[in-house]
Amino acid sequence: RMFHDDELEESEKFYVGQPRVLLLIYALYNTLVARSEMVCYFVIILNHMISASMITLVLPILIFLWAMLSVPRPSKRFWMTAIVYTEVAIVIKYFFQFGFFPWNKHVDYTKDKPYHPPNIIGIEKKEGYVHYDLVQLLALFFHRSILKCHGLWDEDEKGDSSSNKEDTDDELSLTGGRRDSSASLKSVNLAASVESIHVHFPEQQTAIRRKSSSSISQLSHRSSFSSHRSKREQILDNFKNINHTTLSLYFLQCKLCVIKSCCGLCCFRTLQVYVPIRQFFYNLIHPDYSAVTDVYVLMFLADTVDFIIIVFGFWAFGKHSAAADITSSLSEDQVPEAFLVMVLIQFGTMVVDRALYLKKTVMGKVIFQVILVFGIHFWMFFILPGVTERKFSQNTVAQLWYFVKCVYFGLSAYQIRCGYPTRVLGNFLTKSYNYVNLFLFQGFRLVPFLTELRAVMDWVWTDTTLSLSSWICVEDIYAHIFILKCWRESEKRYPQPRGQKKKKVVKYGMGGMIIVLLICIVWFPLLFMSLIKSVAGITNKPLDVSITITLGGYQPIFTMSAQQNQLKSLDPNEFNEFLRSYRGNTAALQFLEGYAREDITRADLEGNSNSLWTISPPSREKMIQGLLDFDADFTLVISWTIQRTLEEVYPYYIKAPSDSLAKPIKQLLRDCKWENITVSLVKNTSEEWWVLNQLGKRQKTPHESLELFIFSDKVSPPSLGFLAGYGIMGLYASVVLVIGKFVREFFSGISHSIMFEELPNVDRILKLCTDIFLVRETGELELEEDLYAKLIFLYRSPETMIKWTREK
């Protein structure tokens with residue numbers, strides 16, 4: 001060994017011999033130290049998510065537009081700004097916790113109001129108002145200590161002090177190291193003295209060039225400083241020899257300069273803020289060197305997660321957050337406005353991000369990042385609380401959406417800082433040829449309109465000579481060849497010897513899975529409709545049972561309703577007795593198999609009608625004549641009070657299905673005959689009403705009444721109601737037949753595609769497709785046309801295709 005230390009070796013042995021739990025703690029601490037910067041970002045964003053105020057809003061914006069965009073790391077000025085700002089925020093929050101402020105006297109009333117000014121600013125009185133701020137301050141000091149340990153804390157001061165010594169364009173490039181002297185901005189010496197404002201000394205036009213050694217550079221600085229000093233002394237010597245008149249004129253000019261300086265003070269202060277910001281973004285957009293990277297896939301995944309959060313939690317972005325879910329709203333043909341707006345905005349940002357990625361414009365990405373950061377924060381923390389009528393800190397779905405969007409902002413800042421890749425070749429899922437990439441790529445192509453939308457967007461924002469149809473043709477060929485390449489690679493990894501039958505694991509694994517899948521698809525509607533109500537069904541008991549009886553076409557003679565206490569469930573003894581009464585009746589027992597005790601309701605209706613019989617005298621006379629007709633289908637007995645026996649007209653058992661049509665249950669009626677009831681007309685001195693009584697009741701009562709048994713079908717849960725509403729035939733037509741069509745296309749028409757499917761070696765065709773992508777990215781558009789013509793000729797010539805796809 002070149003270097004050997006016994007103490008280091010003993011230390012390493014001691015470390016290796018520690019318990020695994022302690023080693024895990026060491027590893028976690030080292031990870032925390034290595035990622036202390038990200039820990040600070042996370043704590044700041046978490047604090048803002050929980051507090052959601054203007055005080056905590058500043059630092060997250062500075063993170064996405066300053067810290068994460070700094071090269072190579074955030075400066076000391078940022079960390080000092082974050083530390084000082086956090087300390088000031090803690091003091092401000094503590095000061096406004098005193099009870100003598102008027103808004104602290106009604107905290108319980110105003111704590112949930114999103115637009116209450118103290119809640120917006122973040123100075124409201126609450127428990128634990130400073131806990132997360134203290135954790136944030138602790139994380140910032142922890143990161144500061146790590147930077148000091150590694151000597152990175154004072155690194156920026158050296159660069160700032162050296163940059164203040166130079167005024168010329170080339171001297172600024174000494175400390176920046178990221179700009180070319182011919183393309184850099186004109187620098188402004190913001191630390192200039194008052195003397196340098198009013199007295200202009202002549203300067204040499206020759207720029208100081210950067211030397212290879214530090215000694216020459218220091219010598220040039222000293223010589224420049226000494227030359228400026230000698231010029232100042234010479235001018236002061238000449239100034240002593242000026243006469244009195246010239247001196248008076250000079251002081252008059254000085255007074256005019258002072259007046260002008262008052263007007264220029266605002267411009268000077270503005271330049272102090274504007275020039276560094278402009279210089280920062282200019283250096284970001286025009287770097288001399290950049291570590292090109294590609295994190296578009298991760299940004300796309302973050303946007304996709306946000307899209308899913310909006311779809312399944314859209315109610316959190318609307319005014320009435322008590323809505324059930326998106327499926328119930330769509331089943332009622334209603335599209336919430338908040339859901340539509342959020343989906344369109346999210347989809348629009350994804351499209352713009354794709355366009356910027358294809359055009360590789362860092363300036364556009366910077367502008368888009370600034371607009372998106374300010375827009376999202378303004379929407380989430382100032383507009384959304386007013387729409388939802390609750391604070392952001394009480395909206396869990398919105399907090400989750402914002403956190404994922406912060407991940408997207410971090411990835412975007414990293415992409416801007418490193419620069420876009422110079423070449424975008426193919427789909428990100430086609431970088432490897434294995435089963436994972438194969439199935440993910442095929443799943444990507446199964447998403448409706450995603451492949452088509454991506455192909456059209458790529459054609460619009462990519463320089464090419466191909467037409468849209470030719471572009472889609474190349475994309476389809478490339479996708480097909482990639483799938484074949486994955487299968488050929490899998491055959492090489494898992495070769496099948498000649499003359500050997502397939503193993504049972506393969507046959508029963510793949511074949512058995514396909515068999516089970518096809519059977520499930522065929523019988524899915526029956527299983528679904530059977531299990532959704534028997535297993536996951538909800539008992540739907542009636543709330544009101546009404547009976548109305550009318551003789552002929554005249555005024556109803558009886559109207560009665562049963563509600564609340566008049567609707568009773570059967571106890572276990574009554575239910576068992578009910579089942580025993582139908583012993584031997586096969587049809588009735590088969591019907592009762594589908595109902596449990598809680599599905600049956602007994603309705604006790606009062607025999608006296610709840611409304612007076614208000615019939616006109618002519619109609620009354622006609623009704624009496626009809627009742628006196630002995631050729632009618634029912635018999636009657638006429639007395640002082642009209643009493644008549646109605647046979648087989650009362651449905652004793654009613655089935656209440658999930659729809660609105662209730663039907664009598666013929667299986668439970670004896671000999672399929674309905675029950676008998678008696679109808680009586682009771683007269684008072686000036687009023688009259690009808691009284692009905694059921695003859696054969698299970699529950700014997702001394703007074704006139706009607707008894708009715710209701711069998712309620714279970715209904716599907718609200719979340720699956722949209723699917724169960726189609727019924728069995730609807731599911732077969734919409735699900736099974738559609739899936740069957742795709743399955744049939746997979747098993748039929750194979751003979752027509754053998755020429756393009758059974759290709760032993762697709763490496764040459766795959767390379768031809770990637771060559772088309774490559775020459776397109778390099779701007780060789782004529783060569784792109786030639787290679788595309790070669791690809792088309794290859795697919796038109798079977799003999800050439802055979803030669804190209806032979807094994808090497």
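User: Why does Phe 95 count as partly exposed rather than buried or exposed?

Analyst: The relative accessible area of Phe 95 is 43%, and with a 1.4 Å probe and protein chains only, buried means under 20%, exposed over 50%, and partly exposed in between, so Phe 95 is partly exposed. This is a predicted model, in which local features need pLDDT of at least 70 and side-chain atom pairs count only at pLDDT 80 or more, while totals for chains, interfaces and linings use all residues. Residues are numbered from 1 along each chain as its sequence is written, and side-chain values use heavy atoms, with hydrogens and water left out.

User: How do you know which class Phe 98 belongs to?

Analyst: By the cut-offs just given, a relative accessibility of 35% places Phe 98 among the partly exposed residues.

User: What makes the rings of Phe 95 and Phe 98 a pair, and of which kind?

Analyst: The structure holds 28 aromatic pairs, where rings of Phe, Tyr and Trp (its six-membered ring) pair if their centres lie within 6.5 Å, and planes under 30 degrees apart count as stacked, over 60 as edge-to-face and the rest as tilted. The centres of Phe 95 and Phe 98 are 6.5 Å apart and their planes stand at 75 degrees, so this pair is edge-to-face. Both rings belong to one aromatic cluster, together with Tyr 94, Phe 96 and Phe 100.

User: How is the pair of Tyr 478 and Phe 773 classified, and why?

Analyst: With ring centres 5.0 Å apart and planes at 75 degrees, Tyr 478 and Phe 773 also form an edge-to-face pair. The pair links distant parts of the chain, since Tyr 478 lies in helix α21 (residues 468-493) and Phe 773 in helix α30 (residues 763-777), 295 residues apart. Both Tyr 478 and Phe 773 are buried.

User: What makes the orientation of α4 relative to α5 nameable, and what is it called?

Analyst: The axes of α4 (residues 54-67) and α5 (residues 76-95) come within 10 Å and cross at roughly 175 degrees. Angles under 35 degrees count as roughly parallel, over 145 as roughly antiparallel, 65 to 115 as roughly perpendicular and the rest as oblique, so α4 is roughly antiparallel to α5. Among the residues making the contact (heavy atoms within 4.5 Å) are Leu 59 and Trp 66 of α4 and Phe 78 and Ala 89 of α5.

User: How do you know whether the span of α5 fits its number of residues?

Analyst: The expected span is 1.5 Å times one less than the number of residues; for the 20 residues of α5 this gives 28 Å, and the helix reaches 29 Å from its first C-alpha to its last, which is close.

Technical notes: Axes fitted to C-alpha atoms, helices over the stretch in contact; angles between N-to-C directions. Helix = DSSP H or I, 4+ residues; strand = E, 2+ residues; numbered from the N terminus.
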